[in-house]
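Subject: Structure handover

Hi,

Here is the structure I promised to pass on. Please open it and keep it beside this email while you read.

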Amino acid sequence: MKQILCLLACALWIAGCADPSGITDPVVENPKPLELTITSDHLSETQAEDRSMTKGDDQELVLVPATTPEQPWTNLTERNTIVVDTATGRILRLRLSLIPKLERPRDTMVVSLRRVLLEFDSSDGLRLDSHERIFRGGQALIILREIAMGGQSIFYRFLRIDPASSDVPNELRDSVYCKLKLWRTSQRTIVFKLTIQHFVIAERQGQREIRRLRISLLGERPLF
């Protein structure tokens with residue numbers, strides 16, 4: 001009887017040694033989420049277009065992070081970051097605050113677009129994959145400078161990307177969107193692509209006009 005028990009104990013011991021999971025912990029890449037700062041060096045292409053569909057006038061601007069020095073509307077306390085769980089590929093948080101880049105910073109009165117603010121978190125289901133996601137819940141915000149009727153005063157409008165907004169003509173609501181795509185080209189680089197299109201009804205000098213706002217961004221952020 002003792003010999004049988006001894007043989008069973010030896011068999012269990014050998015089986016335990018043969019199972020690697022019994023003696024080693026699983027290897028997980030970056031088990032802690034990474035918080036990465038996004039700077040102008042990480043933005044490959046940025047463009048903003050403000051076009052009047054009524055008059056044909058248009059305005060094109062390059063966008064830079066809101067922390068860019070020597071630019072109008074710079075705010076050094078802004079945070080442009082992405083928090084990624086590289087073990088699962090989930091984006092836990094993404095925040096971008098962008099302002100127009102002006103060659104002549106003093107000439108600000110001719111610029112309508114003042115700021116683009118994007119803020120997403122894990123509840124938006126962002127992942128590092130090949131899928132492009134359309135957000136319609138107001139996760140993107142645009143700040144515009146407007147001229148009141150008669151041209152007597154200037155005010156600022158905060159526009160959320162929302163097709164149901166009264167600022168968007170009914171026939172153009174299907175053309176309002178905020179698309180975001182993130183993927184990994186290698187184990188060390190995250191690529192993010194953003195496209196926003198919005199329509200605004202504006203009153204200028206007593207005349208009604210429809211303006212189309214288009215914003216595009218392409219960037220790459222190394223993981224390390």
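One caution before the findings: this is a predicted model.

**Overall build**

Start with the whole chain. It holds 1 helix and 12 strands. The helix comes at the N-terminal end of the order, and the strands follow it. Of the 224 residues, 43% are buried. Now look at contacts between residues at least 6 apart in sequence: 62% of them join residues at least 24 apart. The accessible surface is about 13000 Å². Carbon and sulfur atoms account for 52% of that surface.

**The core**

Which residues touch the most other members of the largest nonpolar core? They are L94, I142, L182 and I196. This core has 44 residues. Strand β11, residues 189-204, gives it the largest share, with 6 residues.

Take L94 as your example. Set aside its neighbours within four places in sequence. L94 then contacts I38, T81, I82, L118, E119, F120, L180 and L182. Find L182 in that list: L182 is also one of the four core residues named above.

**The surface patch**

Next, turn to the outside. Five residues form a nonpolar patch on the surface: M109, I147, I154, Y156 and F158. Together they have about 500 Å² of accessible area. Strand β9, residues 154-160, supplies the largest share of the patch, with 3 residues.

M109 sits in a loop. That loop runs between β5 (90-101) and β6 (113-121). Is M109 exposed or partly exposed? Its relative accessibility is 47%, so M109 counts as partly exposed. The cut-off for exposed is over 50%.

**Two residues with positive phi**

Last, look at the loop between β3 (58-65) and β4 (81-85), where E70 lies. W73 is in the loop between β3 and β4 too.

What is phi in E70? It is near 60°, a positive value in a residue other than glycine. W73 is not a glycine either, yet its phi is positive, at about 65°.

Their accessibility falls into two classes. E70 has a relative accessible area of 73%, so E70 is exposed. W73 has 23% relative accessibility, so W73 counts as partly exposed. For reference, buried means under 20%.

**Where to look**

Begin with L94 and its contacts in the core. Then go to M109 in the patch. Finish at E70 and W73 in the loop between β3 and β4.

Best wishes

How values were computed. Residues are numbered from 1 along each chain as its sequence is written. This is a predicted model: local features need pLDDT of at least 70, side-chain atom pairs count only at pLDDT 80 or more; totals for chains, interfaces and linings use all residues. Side-chain values use heavy atoms; hydrogens and water are left out. Patches are made of residues with over 30% relative accessible area and no salt bridge: like charges are joined within 9 Å, nonpolar side chains (Val, Leu, Ile, Met, Phe, Trp, Tyr) within 5 Å. Accessible areas come from the Shrake-Rupley method with a 1.4 Å probe; for residues, only the protein chains shown count as cover. A salt bridge is a side-chain nitrogen of Lys or Arg within 4 Å of a carboxyl oxygen of Asp or Glu. Helices (H or I, at least four residues) and strands (E, at least two) are DSSP runs, numbered from the N terminus. Buried means under 20% relative accessible area, exposed over 50%, partly exposed in between (1.4 Å probe, protein chains only). Contact means heavy atoms within 4.5 Å. A nonpolar core is a set of buried Ala, Val, Leu, Ile, Met, Phe, Trp, Tyr and Cys residues joined through side-chain atoms within 4.5 Å.
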